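Me: I've got a chain on my screen and a few things I'd like to sort out. Can you walk me through it?

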Amino acid sequence: MAALPVFRWHLAPDGYATLRQLRARGLRPGGQPVAAQLERPRRRRGPLVAYLYRVDLARPVRPMTVAKWAALAKANAARRTCPSCGRDAGYVIPASLGTCVPCA
């Protein structure tokens, strides 16, 4: 297996993108392997690494289905529901409290 090409931070050639950059363009890796990596040196620790994918092999992001939207809405509602009083708090219940602010 050949080693991945390594580029310095901000010096990647055109045609490569990170996962976040692909997502911002409405793309996904689409099953392709990692094509290269970026390394940002740090003083006292190992370098920060970001994996790069080829943009020409990327595929469009799959659209959300009605079932996925419903599942996401149900999960978000569960995060807002207080386990003590059972009311919708209108915000995500903090994990540090475990209940809504009035119950805490």
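**Cysteines, loops and overall shape**

Me: Is cysteine 100 buried or exposed?
Reply: Quick caveats: this is a predicted model, where local features need pLDDT of at least 70, side-chain atom pairs count only at pLDDT 80 or more, and totals for chains, interfaces and linings use all residues. Residues are numbered from 1 along each chain as its sequence is written, and side-chain values use heavy atoms, with hydrogens and water left out. Buried means under 20% relative accessible area, exposed over 50%, and partly exposed in between (1.4 Å probe, protein chains only). Cysteine 100 has a relative accessibility of 4%, so the word for it is buried.

Me: And how many disulfides are there?
Reply: A disulfide here is a pair of cysteine sulfur atoms within 2.5 Å. Cysteine 82 is buried at 2% relative accessible area, but the closest cysteine sulfur, in cysteine 100, is 3.6 Å away, which is too far for a bond. Cysteine 100 is in no disulfide either, with its nearest cysteine sulfur, in cysteine 103, at 3.4 Å. By this rule the number of disulfides is zero.

Me: What's the order of helices and strands from the N terminus?
Reply: Helices (H or I, at least four residues) and strands (E, at least two) are DSSP runs, numbered from the N terminus. The chain has two helices and six strands. Read from the N terminus, the order is β-β-α-β-β-β-β-α.

Me: What radius of gyration does the chain have?
Reply: The yardstick is a globule rule of 2.2 Å times the number of residues to the power 0.38, with the radius of gyration taken over C-alpha atoms. For 104 residues, a compact globule would come out near 13 Å. The C-alpha atoms here fill a box of roughly 55 × 40 × 25 Å along the principal axes, and just 19% of the residues count as buried. The chain's own radius of gyration is 21 Å.

Me: Which residue has a positive phi although it is not a glycine?
Reply: Most residues other than glycine have a negative phi. The one to look at is in the loop between strand 1 (6-8) and strand 2 (16-17). Its phi is about 70°, and its 71% relative accessibility makes it exposed. The residue is histidine 10.

Me: Which residues does threonine 18 contact, beyond its neighbours within four places in sequence?
Reply: Threonine 18 is in the loop between strand 2 and helix 1 (19-24). At 17% relative accessibility, threonine 18 counts as buried. Contact means heavy atoms within 4.5 Å. Its partners are Ala50, Tyr51 and Leu52.

Me: How far is phenylalanine 7 from leucine 52, C-alpha to C-alpha?
Reply: Phenylalanine 7 is in strand 1 and touches leucine 52, along with residues including Ala36 and Leu38. The pair are 45 residues apart in sequence. Their C-alpha separation is 9.8 Å.

Me: What does valine 6 contact, leaving aside neighbours within four places in sequence?
Reply: Valine 6 is also in strand 1, and with a relative accessible area of 46% it is partly exposed. Its C-alpha is 9.7 Å from that of leucine 52, which is 46 residues away along the chain. The contacts of valine 6 are Gln37 and Glu39.
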